[in-house]
Amino acid sequence: MTTTAINVTRVDNELYIIAIPSNGLASMEILHFVSSNFVSSTNDPVNITIIPQHVLAAGQYTLCFVGINWGGPSAFYVSLTTNGTVTPVGPAPTSNQLGIAWSINVQITV
């Protein structure tokens, strides 16, 4: 099953996505995005799509998602498209905690 898209539609406040190949040698940051106060109705929505095949060699990876909150309620929404099916990553609970508010590791095939 091949993942063909990583979709990001909510980031409050920072999101990192790091890919680690199955051989465990090195890692690659494929996204660092900063957006403040997404939950405000005055903010522009986030709409980022990463095509893994454009940035990663074929193989197995662990995607590490790290959501950082600066204060107030956090908000992160990421989904993966694998074999045509869109699946949410998480869920990412809302948190008022400063610092790392959400993290998860997900296995994908590119």
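This is a short walk through one protein chain, from its overall layout down to a few individual residues.

Okay, before anything else: what you have on screen is a predicted model, so keep that in mind throughout.

Let's start with the big picture. The chain comes to 1 helix and 7 strands. Reading from the N terminus, the order is β-β-β-α-β-β-β-β, so the helix comes after three strands and before four. If you like boxes, the C-alpha atoms fill one of roughly 40 × 25 × 20 Å along the principal axes. And does the radius of gyration agree or disagree with a compact globule? It agrees: for 110 residues the rule gives a value near 13 Å, and this chain has 14 Å.

A couple of totals for the whole chain. Of the 110 residues, 41% count as buried. The exposed area is about 5900 Å², and carbon and sulfur atoms supply 55% of that. Then there's the contact picture: take the contacts with a separation of 6 or more, and 69% of them are between residues 24 or more positions apart.

Now the inside. The largest nonpolar core has 25 residues, and those with the most contacts within it are Ile6, Val8, Leu15, Ile17, Leu63 and Phe65. Which strands feed it? S1, S2, S3, S4, S5 and S7 each put in at least two residues. S1, spanning 3-21, gives the most, with 6 residues.

Let me zoom in on one of those core residues, isoleucine 17. Skipping its neighbours within four places in sequence, isoleucine 17 contacts Ile6, Val8, Met28, Glu29, Ile30, Leu31, Ile50, Leu63, Cys64 and Phe65. Put that next to the core list and you'll spot Ile6, Val8, Leu63 and Phe65 again.

Next, aromatics. How many aromatic pairs does a search of the whole structure find? There are 2. In one of them, the ring centres of phenylalanine 65 and tryptophan 102 are 6.1 Å apart with planes at 35°, so that pair is tilted. Phenylalanine 65 is in strand S4 and tryptophan 102 is in strand S7, 37 residues apart, so we're linking distant parts of the chain here. Phenylalanine 65 is buried at 1% relative accessibility, and tryptophan 102 is buried too, at 5%.

The other pair brings tryptophan 102 together with phenylalanine 76: centres 5.9 Å apart, planes at 20°, so this one is stacked. Why stacked here and tilted before? Under 30 degrees counts as stacked, and 20° makes it while 35° doesn't. Phenylalanine 76 sits in strand S5 and tryptophan 102 in S7, so the pair ties together parts that are 26 residues apart in sequence. Phenylalanine 76 is buried as well, with 5% relative accessibility. Put the pairs together and Phe65, Phe76 and Trp102 form a cluster.

Now for some serines. Serine 79 is in strand S5, and is it buried or exposed? Buried, at 5% relative accessibility. Away from its sequence neighbours within four places, serine 79 contacts Ala5, Ile6, Asn7, Val86, Thr87, Pro88 and Val89.

Serine 35 is in strand S2, residues 28-35. Its relative accessible area is 10%, so serine 35 is buried. Where does its side chain reach? To the backbone oxygen of valine 11, at 3.5 Å.

Serine 95 is in a loop, the one between strand S6 (85-89) and strand S7 (99-109). Even so, serine 95 is buried, with a relative accessible area of 15%. The side chain of serine 95 reaches the backbone nitrogen of glutamine 97 at 3.0 Å. Setting aside neighbours within four places in sequence, serine 95 is in contact with Asn69, Gly72, Pro73, Ser74 and Ala101. For a C-alpha distance, serine 95 and glycine 71 are separated by 8.7 Å, and they're 24 residues apart along the chain.

One last residue, also in a loop: valine 46, between S2 and strand S3 (48-50). Valine 46 is buried, at 7% relative accessible area. From valine 46 to valine 8 there are 38 residues in sequence, but 6.8 Å in space, C-alpha to C-alpha. And valine 8 is one of the core residues we met earlier.

That's my tour.

Conventions. Residues numbered from 1 in each chain as written. Predicted model: local features only at pLDDT ≥ 70, side-chain atom pairs only at ≥ 80, totals over all residues. Heavy atoms only, no water. Buried < 20%, exposed > 50% of the residue type's maximum accessible area, 1.4 Å probe, protein only. Polar contact = N/O pair within 3.5 Å; in protein donor to acceptor, adjacent residues only side chain to side chain. Contact = heavy atoms within 4.5 Å. Phe/Tyr/Trp six-rings, centres within 6.5 Å; stacked < 30°, edge-to-face > 60°. Rg over C-alpha atoms; globule rule 2.2 N^0.38 Å. Areas by Shrake-Rupley, 256 points an atom, 1.4 Å probe, with all protein chains shown as cover. Core = buried A, V, L, I, M, F, W, Y, C linked by side-chain atoms within 4.5 Å.
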